[in-house]
Every structure is written in structure tokens, then in C-alpha cells.
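Hi,

Here is the structure I promised to send over. Have a look at it first, and then read on for my notes.

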Amino acid sequence: MQPTATVLVYSDDSNTREQVRMAAGRRPAPDVPFVEFVECATPDAVLRELDKGGIDVCVLDGEAVPMGGMGVCRQIKDEVFNCPPVLLLMGRPQDAWLATWSRADAAVTLPVDPVEFAASLASLLRHKRLLSA
């Protein structure tokens, strides 16, 4: 059986979660594992899933309501032991400084560009694999 990576996707907008799934596909690059998605619509659901373990990368929507992905990112980086890498979805490129403040490992803008998103996700999966080896 092929190894898989588990990607948590947080957004209150089901369309954004779908954009992420479609952009990543089953495998964002040939040299990374197939991906399975865990979808969360609330910050509490994100924390519950991270507490369970097994998440390889988090994709957080910076435009989510009531708590944006930047705030969620900063919280999990502070509170979750061995926090997985975070790919932040930003509303505008000018928000890159906020992505840095939130301690996101990578950031892309909305709407999701499939090529840019898949490349960023694959990079985080590669990095996670190197750290785990």
C-alpha cells in the first residue's frame, strides 16, 4: 500500500475547502505521497483534529470567520507540540507580513491558484518527510 499524507483544511467556506482539494488533487507532485483531507469549519475542530495526531500539513484560510487562519496558525504554533507545517491562504499578497507574524511556513493568495498551491503543499510535504526521516 502506498503511504499517504493527511492534510487538514480549515475554512468556514465549503467552496474554499473544495478549491484546496481540487488544487492539490490526489497527489500534488510525483515525489510526495497521496493526500487525504480532513476538513474543519471551526477553530475548535482544528484543535480537536490536531490533538488526535496524524496531521502532516495544515492549510488554514486567513479569511475564515469567526477566527481567521492567521490567528489559528499562531495559536497552534504556540500550543501544539510538534505542530505540523502550515500553509496559509491569504486574501491579498500585501498580507505576507501577517503570515510571517502568524508563523506560517508558507502562504499563497486566494483564490487558490492550482499550480502555486500544489507546489507549496508539495514543498511542505517534502520538508515534513525529511524531518521525519
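Leaving aside neighbours within four places in sequence, which residues is Asp 61 in contact with? In this predicted model, the partners of Asp 61 are Tyr 10, Ser 11, Asp 12, Thr 16, Gly 68, Gly 69, Leu 89 and Leu 110. Asp 61 belongs to strand 3, which runs over residues 57-61. With a relative accessible area of 3%, Asp 61 is buried, since the cut-off for that word is under 20%. Its side chain also has a polar atom 2.8 Å from the backbone nitrogen of Glu 63.

I looked at this residue because of its record: an unreviewed UniProt entry annotates Asp 61 as "modified residue: 4-aspartylphosphate". UniProt (again an unreviewed entry) also gives "domain: Response regulatory" for residues 6-125. Over that stretch the chain is 42% helix and 22% strand, and the C-alpha atoms at its two ends are 10 Å apart.

One of the partners of Asp 61 deserves a few words of its own, namely Thr 16. Thr 16 sits in helix 1 (residues 14-24) and is buried as well, at 8% relative accessibility. Beyond four places in sequence, Thr 16 is in contact with Ser 11, Asp 61, Leu 89 and Leu 110.

Next, helix 3, which spans residues 69-79. Its buried residues are Gly 69, Met 70, Val 72, Cys 73 and Ile 76. These cover an arc of only 160° around the axis, so they lie on the same side of helix 3. What do they pack against? The list is strand 1 (4-10), helix 2 (43-52), strand 3, strand 4 (86-90) and helix 4 (96-102).

Now for the backbone. Most residues other than glycine have a negative phi, and most peptide bonds are trans. Here are the exceptions I would point you to:

- The peptide bond between Val 65 and Pro 66 is cis, with omega about 10°; Pro 66 is in the loop between strand 3 and helix 3.
- Leu 110 and Pro 111 are also joined by a cis bond, with omega near -5°; Pro 111 is in the loop that lies between strand 5 (106-109) and helix 5.
- Asn 82 is not a glycine, yet its phi is positive, about 50°. Asn 82 lies in the loop between helix 3 and strand 4 and is exposed, at 60% relative accessibility.
- Arg 103 has a positive phi too, near 70°. Arg 103 lies in the loop between helix 4 and strand 5 and is partly exposed, with a relative accessible area of 34%.

Further along the chain, Arg 129 is part of helix 5 (residues 114-132). Arg 129 is partly exposed, with a relative accessible area of 43%. How far apart are Arg 129 and Pro 33 in sequence and in space? They are 96 residues apart in sequence, and their C-alpha atoms are 9.6 Å apart. Not counting residues up to four places away in sequence, Arg 129 touches Asp 31 and Val 32.

Lastly, the rings. The structure holds zero aromatic pairs. There is, however, a charge over a ring: Arg 27 lies over the face of Phe 34, at 4.6 Å from the ring centre.

Do write back if you would like to talk any of this through.

Best wishes

How values were computed. Residues numbered from 1 in each chain as written. Predicted model: local features only at pLDDT ≥ 70, side-chain atom pairs only at ≥ 80, totals over all residues. Heavy atoms only, no water. Phe/Tyr/Trp six-rings, centres within 6.5 Å; stacked < 30°, edge-to-face > 60°. Lys NZ or Arg CZ within 6 Å of the ring centre and 35° of its normal. UniProt positions renumbered as here; feature names shortened; annotations may be inferred. Helix = DSSP H or I, 4+ residues; strand = E, 2+ residues; numbered from the N terminus. Buried < 20%, exposed > 50% of the residue type's maximum accessible area, 1.4 Å probe, protein only. Contact = heavy atoms within 4.5 Å. Polar contact = N/O pair within 3.5 Å; in protein donor to acceptor, adjacent residues only side chain to side chain. Arc of directions from axis to C-beta.
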